[in-house]
Amino acid sequence: MKSIMSIVVVFLMFTIQANAQKEIPNITVKNLDGSSLDMNEITQEKGVKIISFWATWCVPCINELDAISEVYDDWKDETNVELIAIATDDARTKKRIKPLINGKGWEYKILLDENQDLQRSLNITTIPHVIVIKDGKIVFRHTGYFPGAEDQLYDVVKKNAK
């Protein structure tokens, strides 16, 4: 009887995990000007969105956003995708965000997850972490960056933009 109960508990845990996080939770983040924005305002719009969690101190994050920046205009023209870069910097490093963005010339929507509430709610423990959303639902997640990963990401975007 104990073993059957153990199997049921394990099955339920996997079922809950499999069904978890198919949507972005409605957590408040901030624009660079300090105004608040609910994630539902962004993620419930129709179409494909890339949400990239990054920080100013994360070299792979910056490399990924730089690589995407080089092809982002083409991506938008071909698929109408929008990239939202969510900075997870804390109070100590938050002041580096604007100068970094201005220096890089990134044309992404930049938001701040100051207390990492959104990051925690999505169970993100490592950055860079990319999520692709289609019509408000999570369709792809990826952690880490290596040169060429942006090509794989674009394949996911193209597949879901149809």
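The structure holds 1 disulfide, and since this is a predicted model, that bond and every other feature described here belong to computed coordinates. A disulfide is a covalent bond between the sulfur atoms of two cysteines. Here the two partners are C58 and C61, whose sulfur atoms lie 2.2 Å from each other. The torsion about the S-S bond of C58 and C61 is about 75 degrees, so the disulfide is right-handed. Both cysteines can be placed with respect to the surface: C58 has a relative accessibility of 4% and therefore counts as buried, the cut-off being under 20%, while C61, with a relative accessible area of 0%, is buried as well.

From the disulfide one can turn to helix α3, which covers residues 59–79. D66 has its place in this helix, and because its relative accessibility is 22%, D66 counts as partly exposed. Setting aside residues up to four places away in sequence, D66 touches K104 and W106. The second of these, W106, is 40 residues apart from D66 along the chain, yet the C-alpha atoms of D66 and W106 are separated by 7.8 Å.

Helix α3 also has a helical partner. Two packed helices are described by the angle between their axes and the distance between the axes. For α3 and helix α6, which is made up of residues 149–161, the angle is about 15 degrees and the axes are 11 Å apart. Angles under 35 degrees count as roughly parallel, and α3 and α6 are therefore roughly parallel to each other. The crossing in which α3 passes α6 is right-handed. On the α3 side, the residues that meet α6 are A67, I68, D74, W75, E78 and T79, and on the α6 side their counterparts are E150, L153, Y154, V157, K158 and A161. By character, the residues of this contact of α3 with α6 divide into 7 nonpolar, 1 polar and 4 charged.

Another helix to consider is α2, which spans residues 39–43 and in which T43 is found. T43 has a relative accessibility of 1%, which means that this residue counts as buried. Leaving aside neighbours within four places in sequence, T43 is in contact with I24, I51, I133, D135 and G136.

The loops on either side of helix α5 call for a look at the backbone. Most residues other than glycine have a negative phi, and most peptide bonds are trans. Against that background, Q116 has a positive phi of about 55 degrees although this residue is not a glycine, and Q116 is located in the loop between β5 (109–112) and α5. N123, likewise not a glycine, has a positive phi of about 60 degrees, and N123 lies in the loop between α5 and β6. With 58% relative accessibility, N123 counts as exposed because the cut-off for that class is over 50%. The loop between α5 (117–121) and β6 (129–134) also contains P128, and the peptide bond that leads from I127 to P128 is cis, with omega near 0 degrees.

Definitions and conventions: Residues numbered from 1 in each chain as written. Predicted model: local features only at pLDDT ≥ 70, side-chain atom pairs only at ≥ 80, totals over all residues. Heavy atoms only, no water. Helix = DSSP H or I, 4+ residues; strand = E, 2+ residues; numbered from the N terminus. Buried < 20%, exposed > 50% of the residue type's maximum accessible area, 1.4 Å probe, protein only. Contact = heavy atoms within 4.5 Å. Disulfide = S-S within 2.5 Å. Axes fitted to C-alpha atoms, helices over the stretch in contact; angles between N-to-C directions. Parallel < 35°, antiparallel > 145°, perpendicular 65-115°, else oblique. Left-handed = near helix turned anticlockwise from the far one by under 90°. Nonpolar A, V, L, I, M, F, W, Y, C, P; charged D, E, K, R; others polar.
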